[in-house]
Amino acid sequence: MKKKTANLYVKMTAKSPVLFLNLICFSILILLYLTLSTKVDVIHTYHVILEDHKIIIPETIHYRPDKIYLYENRNKEVNCIKVNPNDLSYRDNAIVISINQDLFDYEVTNIKVDMPVKEITLFERVFLHGGKNE
């Protein structure tokens, strides 16, 4: 049965390449539709300092994050934290985010945070920016 179907496909595409060209055009249209409709986050990564239920980001940031991803090793565990406007404050060119729970030991020094800055389409990310995070 499979061989008959394969032979039929070969006969149809050998006689007239219209079926083959239609399949290629259909595949390209599906690829374009999926890349234009899929949204991905643009993130910035910062080194942070933990002290007394506070996350301190020692850099000036010109946007207010809705959520942050906190981790020591991205391959092991990533903690997603929703940031309320009441938990956010500024101190000497740094952002301070108050959290309620202990996520790490305070002896850990290499903690990073990822902040989504904006959303772009997968088409923009791959074809216009070359896959880079801007």
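**Thr 45**

I started with how exposed Thr 45 is in this predicted model: the relative accessible area comes out at 41%. Buried would need under 20% and exposed over 50%, so I wrote down "partly exposed" for Thr 45.

Next I checked where Thr 45 sits, and found it in strand β1, residues 39–50. Leaving out residues up to four places away in sequence, I listed what Thr 45 touches: Tyr 71, Arg 74, Lys 112, Val 113 and Asp 114. I looked harder at Asp 114, and its side chain makes a polar contact with the side chain of Thr 45, at 2.7 Å. I also picked Lys 2 for a distance check: Thr 45 and Lys 2 are 43 residues apart in sequence, and C-alpha to C-alpha they are 51 Å apart in space.

**The sheet**

I then traced the sheet and got seven strands, open, in the order β4-β3-β7-β1-β2-β6-β5, with antiparallel pairing. At the edges I found β4 (78–82) and β5 (88–90), which each pair on one side only. From one strand to the next, the twist averages 35 degrees.

I zoomed in on β5: it pairs with β6 (residues 95–98) over three bridges, in the antiparallel sense. There I saw Tyr 90 opposite Ile 95 of β6.

**The two helices**

Last, I looked at how α1 (residues 2–15) packs on α2 (residues 18–37): the angle is about 100 degrees and the axes are 6 Å apart. That angle makes α1 roughly perpendicular to α2. From α1 I noted Tyr 9, Met 12 and Thr 13, which meet Leu 19, Phe 20 and Leu 23 of α2. I sorted the residues of this contact into five nonpolar, one polar and no charged.

How values were computed
Residues numbered from 1 in each chain as written. Predicted model: local features only at pLDDT ≥ 70, side-chain atom pairs only at ≥ 80, totals over all residues. Heavy atoms only, no water. Axes fitted to C-alpha atoms, helices over the stretch in contact; angles between N-to-C directions. Helix = DSSP H or I, 4+ residues; strand = E, 2+ residues; numbered from the N terminus. Parallel < 35°, antiparallel > 145°, perpendicular 65-115°, else oblique. Contact = heavy atoms within 4.5 Å. Nonpolar A, V, L, I, M, F, W, Y, C, P; charged D, E, K, R; others polar. Pairing = 2+ DSSP bridges. Buried < 20%, exposed > 50% of the residue type's maximum accessible area, 1.4 Å probe, protein only. Polar contact = N/O pair within 3.5 Å; in protein donor to acceptor, adjacent residues only side chain to side chain.
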